[in-house]
Amino acid sequence: VEDRTGLIVPKDDIDALTAALQQLTDPARRGELGRAGRRHAATHFTVARMADAYRAVYDELLAQPRRHRVRPTPEKA
């Protein structure tokens, strides 16, 4: 989450990168971002959430009509 769990810098923007790195020289700011990042990861990237996300993908795929699969014919030597 921009400016709460980390810093996002646009590609090739040297000034933005410099400003972001300047923020990270402050130990309190680094700690704040680090703690918020850990809380975010612990909440949003759990094994249970990952399993639920995979299950949702499988359910979606299984709900679709089955398509005929074209199998290549074996090459003759």
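Contact here means heavy atoms within 4.5 Å. By that yardstick, and not counting residues up to four places away in sequence, Arg29 touches Asp3, Leu7 and Gln23. The model is a predicted one, in which local features need pLDDT of at least 70 and side-chain atom pairs count only at pLDDT 80 or more, while totals for chains, interfaces and linings use all residues. Residues are numbered from 1 along each chain as its sequence is written, and side-chain values use heavy atoms, with hydrogens and water left out.

Arg29 is a handy place to start. The residue is found in helix H2; helices (H or I, at least four residues) and strands (E, at least two) are DSSP runs, numbered from the N terminus. At 13% relative accessibility, Arg29 counts as buried, where buried means under 20% relative accessible area, exposed over 50%, and partly exposed in between (1.4 Å probe, protein chains only). Arg29 has company there, since the buried residues of H2 are Arg29, Gly31, Leu33 and Ala36. What these buried residues pack against is helix H1 (14-23).

H2 itself passes a simple length check. The expected span of a helix is 1.5 Å times one less than its number of residues. For the 18 residues of H2 (residues 27-44) that gives 26 Å, and the end C-alpha atoms sit 25 Å apart, which agrees. At the start of H2, a side-chain oxygen of Asp26 comes to within 3.1 Å of the backbone nitrogen of Ala28.

Then there are the charged pairs. Side chains of opposite charge can pair when their charged atoms come close. A salt bridge is taken as a side-chain nitrogen of Lys or Arg within 4 Å of a carboxyl oxygen of Asp or Glu, and a search of the whole structure turns up three salt bridges. One of them links Arg29 with Asp3, with 2.5 Å between the closest N and O atoms. Arg29 lies in helix H2 and Asp3 in the segment before H1, so this pair ties together parts that are 26 residues apart in sequence. Asp3 is partly exposed, at 40% relative accessibility.

Arg29 also meets Glu32 in a salt bridge, at 2.9 Å from N to O. The 2.9 Å pair of Arg29 and Glu32 side chains is a polar contact as well, that is, a pair of N or O atoms within 3.5 Å; within protein, one must be able to donate a hydrogen and the other to accept it, and residues adjacent in sequence count only if both atoms are side-chain atoms. Both Arg29 and Glu32 lie in helix H2, three residues apart, or about one turn of the helix. An α-helix has 3.6 residues a turn, so residues three or four places apart point the same way. Glu32 is partly exposed, with a relative accessible area of 40%.

Over in helix H3 (residues 47-63), which holds Arg55, the side chains of Asp52 and Arg55 form a salt bridge of 2.7 Å, N to O. Asp52 and Arg55 are three residues apart in helix H3, and therefore separated by about one helical turn. Asp52 is partly exposed at 44% relative accessibility, and Arg55 is partly exposed at 45%. Salt bridges that share partners, meanwhile, join Asp3, Arg29 and Glu32 into one network. Arg55 and Gly34 are 21 residues apart in sequence and 31 Å apart in space, C-alpha to C-alpha.

There is a nonpolar side to the surface too. Val47, Met50, Tyr54, Val57, Tyr58, Leu61 and Leu62 make a nonpolar surface patch of about 800 Å². Patches are made of residues with over 30% relative accessible area and no salt bridge, with like charges joined within 9 Å and nonpolar side chains (Val, Leu, Ile, Met, Phe, Trp, Tyr) within 5 Å. Accessible areas come from the Shrake-Rupley method with a 1.4 Å probe, and for residues, only the protein chains shown count as cover. Leu62, one of the patch residues, has its place in helix H3 and counts as exposed at 73% relative accessibility.

Finally, a word on the backbone. Most residues other than glycine have a negative phi, and most peptide bonds are trans. Asp3 has a positive phi of about 70° although it is not a glycine, and Asp12, also not a glycine, has a positive phi of about 65°. Asp12 is placed in the segment before H1 and, at 70% relative accessibility, counts as exposed.
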